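Me: I have this one open at my desk and would like a close look at a single part of it. Please start with a pair of helices and follow the thread from there, in plain words.

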Amino acid sequence: MYKNVIFDLDGTLLNTLEDLADATNWVCAQHGWPAHQVEEYKYFVGNGAPKLLERVVPAGVPITDELRRVTLEEFTRRYNGHKSDKTTAYPGVPEVIRRLKQAGVTLAVLSNKPHEAARPVVERYYPGLFHKIQGALPGLPVKPDPTLLHRLMEQLGATPADTLFVGDSSVDIRTAKNGGLTSCGVLWGFRTRQELEAEGADYIVDSAQALVELILG
């Protein structure tokens, strides 16, 4: 049994893809850039909003500091106003989270989503279930850098030996490795089994029930 479990957010706890795509395509429209299909965003997201926005800038457009600032402001304003329009919890996952909490597992979220957006969206779909919710903070590196992971573990009183990191992408598996944690990839999110295996996930599960069995033993 793992005493502590840290979850990724987008693609793991919540299917946020359409709201992220809509907000980013809105930014594209403001600059006269082409929009992208929702499926493309499965590979654009995962490294934080600034990197997401860089990935939709058309070839030949200089990515200046000013462009980064403007597009991030536009995205943040649009996404914060529409972050729950189409977002849903993955089937069975809220029940799993409640069951784990009832079993005494300490639960936390670590996301590359900006902190001011991560906390309210988690609380909307998982009210009162997580001990800590940590999103990206200005001036600090995002996943897969372990800085915020180590900070979060210190707040939880967690150790690598008793903590599992759960996510849907190579970024999450690499985060776990960089933090010295056991990793579990989930197959209901944005990425593929092949990606998770290639990154060296310790476990891969294809259902919420399988995740419960792994955590509780």
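**A helix pair and what lies beyond**

Reply: Happy to. On the helix 3 side, Ala49, Pro50, Leu52, Leu53 and Glu54 make the contact, and they meet Arg68, Thr71, Leu72 and Phe75 of helix 4. Keep in mind as you look that this is a predicted model. By type, the residues of this contact comprise 6 nonpolar, 1 polar and 2 charged.

Now for the geometry. Packed helices are described by the angle between their axes and the distance between those axes. Here, helix 3 (residues 49-56) and helix 4 (residues 65-82) pack at about 110°, and their axes are 10 Å apart. Because the angle has that value, helix 3 counts as roughly perpendicular to helix 4.

Let's stay with helix 4 and pick out tyrosine 79, which has its place there. Is this side chain's residue buried or exposed? Tyrosine 79 has 3% relative accessibility, so it counts as buried. Leaving aside residues up to four places away in sequence, tyrosine 79 touches Thr16, Asp19, Leu20, Ala23, Lys113 and Ala117. Take Ala117 from that list: its C-alpha atom is 8.5 Å from that of tyrosine 79, although 38 residues separate the two along the chain.

Those contacts lead us to strand 4, which spans residues 106-114. Of its 9 residues, 8 are buried, so strand 4 is largely enclosed by the rest of the structure. Strand 4 is followed in a right-handed β-α-β unit by helix 6 (residues 115-125) and then strand 5.

Who are the partners of strand 4? Strand 1 (residues 4-7) pairs with strand 4 in the parallel sense, over 4 bridges. Within that pairing, asparagine 4 stands opposite threonine 106, and valine 5 has leucine 107 as its bridge partner. Strand 5 (residues 132-136) also runs parallel to strand 4, joined to it by 4 bridges. There, valine 109 is matched with isoleucine 133.

Stepping back, these strands belong to an open sheet of 6 strands in the order 5-4-1-6-7-8, with parallel pairing. Strand 5 and strand 8 (203-205) are at the edges with a single partner strand each, so each has one side without a neighbour in the sheet. On average, neighbouring strands in this sheet are turned by 20° against each other, ignoring direction.

Note on methods:
Residues are numbered from 1 along each chain as its sequence is written. This is a predicted model: local features need pLDDT of at least 70, side-chain atom pairs count only at pLDDT 80 or more; totals for chains, interfaces and linings use all residues. Side-chain values use heavy atoms; hydrogens and water are left out. Axes are lines fitted to C-alpha atoms, for helices over the stretch in contact, and angles run from 0 to 180 degrees between N-to-C directions. Helices (H or I, at least four residues) and strands (E, at least two) are DSSP runs, numbered from the N terminus. Angles under 35 degrees count as roughly parallel, over 145 as roughly antiparallel, 65 to 115 as roughly perpendicular and the rest as oblique. Contact means heavy atoms within 4.5 Å. Ala, Val, Leu, Ile, Met, Phe, Trp, Tyr, Cys and Pro count as nonpolar, Asp, Glu, Lys and Arg as charged, and the others, Gly among them, as polar. Buried means under 20% relative accessible area, exposed over 50%, partly exposed in between (1.4 Å probe, protein chains only). Two strands pair if DSSP finds at least two bridges between them. A crossover is right-handed if, with the strands pointing away from the viewer, the path from the first strand over the helix to the second runs clockwise.
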